[in-house]
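Trainee: I would like to go through this structure and ask how each label is earned.
Mentor: Go ahead, and ask for the value behind each label.

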Amino acid sequence: MRKGFSRTPEKEVATAAKNYITPDGLQRLKDEHRFLVTRERPAVTQVVAWAASNGDRSENADYLYGKRRLRQIDRRIRFLTKRIDAAEVVDPQAPRSGRAATHVFFGATVRYANSAGSERVVSIVGVDEVDLNRHHISWMSPLARALMKSGPGDTVILRAPGMTEELQIVDVRYERIPVEKFSEPPGAEAAPRSARRTPS
């Protein structure tokens, strides 16, 4: 079976509004949101208040940096809130039957071979979960789109900028896709340096 993949701009815009995500990916977004709201933002707010009490704000580096950091935090919180609210969770480990169990859909881990016989394995995840080091690719990427709805033995055509490649589907499976957990970023204001620790 040979398949190509095409999508109109209107469908692409409509599709982009959906935020498909795995349970682990959603948890990571929630952990970061909670960290920013309950720890990072209050800590930076305290620094800004302290800096504001020191006099001329126009030349107060602590105050100016703190206000800029607060704007960055607030933008990130708004972004995370929208992503979490729009999340449509798909558990790769959930029981499946029929084509949904044997063909490529969101959450699939796919082994495929190129025309030279070289094999590669990718997992199809949400746009907030992409991790190329772990071979986790967005469901909206050209590769994922080419693989979608195919099954073992199918041949698909990958059309990406500057290239067209024929791929053979070797195996499709559904299993937990481990997403790297959120960890406190270096330089966070949330706690004194001596008290900071990275969540396990």
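Trainee: How many aromatic pairs does the count come to?
Mentor: This is a predicted model, and the count comes to 3 aromatic pairs.

Trainee: What makes Y20 and W139 an aromatic pair, and why is the pair called edge-to-face?
Mentor: Their ring centres are 5.0 Å apart, and the cut-off for a pair is 6.5 Å. The planes stand at 80 degrees; an angle over 60 counts as edge-to-face, so the label follows.

Trainee: Where do Y20 and W139 lie in the chain?
Mentor: Y20 is in strand β2 (residues 19–21), while W139 is in the loop between β6 (136–138) and α5 (142–147). The pair therefore ties together parts that are 119 residues apart in sequence. Y20 and W139 also belong to a cluster with F106, linked by ring pairs.

Trainee: Why is W139 called buried?
Mentor: Its relative accessible area is 10%. Buried means under 20%, so W139 meets the rule.

Trainee: Why is the pair of F35 and F182 called tilted?
Mentor: The centres are 5.5 Å apart and the planes are at 50 degrees. Stacked needs under 30 degrees and edge-to-face needs over 60, so this angle is left with the label tilted. F35 is in helix α2 and F182 in the segment after β8, parts 147 residues apart in sequence. Both F35 and F182 are buried.

Trainee: How do you know that E32 and R76 form a salt bridge?
Mentor: The N to O distance between their side chains is 2.8 Å. The limit is 4 Å, so the pair qualifies. E32 sits in helix α2 (residues 23–52) and R76 in helix α3 (residues 61–85), 44 residues apart.

Trainee: Are E32 and R76 buried or partly exposed, and why?
Mentor: E32 has 14% relative accessibility, so it counts as buried. R76 has 31% and counts as partly exposed, because that label covers values between 20% and 50%.

Trainee: What makes R39 and E184 a salt bridge?
Mentor: Their closest N and O atoms are 3.3 Å apart, and the cut-off of 4 Å is met, so the name applies. R39 lies in helix α2 and E184 in the segment after β8 (163–174), so parts 145 residues apart in sequence are tied together. R39 is partly exposed at 34%, whereas E184 is buried at 12%.

Trainee: How do you know that R41 and D74 form a salt bridge?
Mentor: The closest N and O atoms are 2.6 Å apart. That is within 4 Å, so the rule is satisfied. The pair links helix α2, which holds R41, to helix α3, which holds D74. R41, at 30%, is partly exposed, and D74, at 22%, is partly exposed.

Trainee: How many salt bridges does a search of the whole structure find?
Mentor: The search finds 11. Among the linked residues are D171, R173 and E175, which form a network of salt bridges.

Trainee: What makes R96 a charge over the ring of Y174?
Mentor: The charged end of R96 is 3.8 Å from the ring centre. The distance limit is 6 Å, so that part of the rule is met.

Trainee: How do you know that β4 and β5 pair?
Mentor: They are joined by 5 bridges and run antiparallel. Pairing needs at least two bridges, so they qualify. One of the partnerships is V110 with V122 in β5.

Key. Residues numbered from 1 in each chain as written. Predicted model: local features only at pLDDT ≥ 70, side-chain atom pairs only at ≥ 80, totals over all residues. Heavy atoms only, no water. Helix = DSSP H or I, 4+ residues; strand = E, 2+ residues; numbered from the N terminus. Buried < 20%, exposed > 50% of the residue type's maximum accessible area, 1.4 Å probe, protein only. Phe/Tyr/Trp six-rings, centres within 6.5 Å; stacked < 30°, edge-to-face > 60°. Lys NZ or Arg CZ within 6 Å of the ring centre and 35° of its normal.
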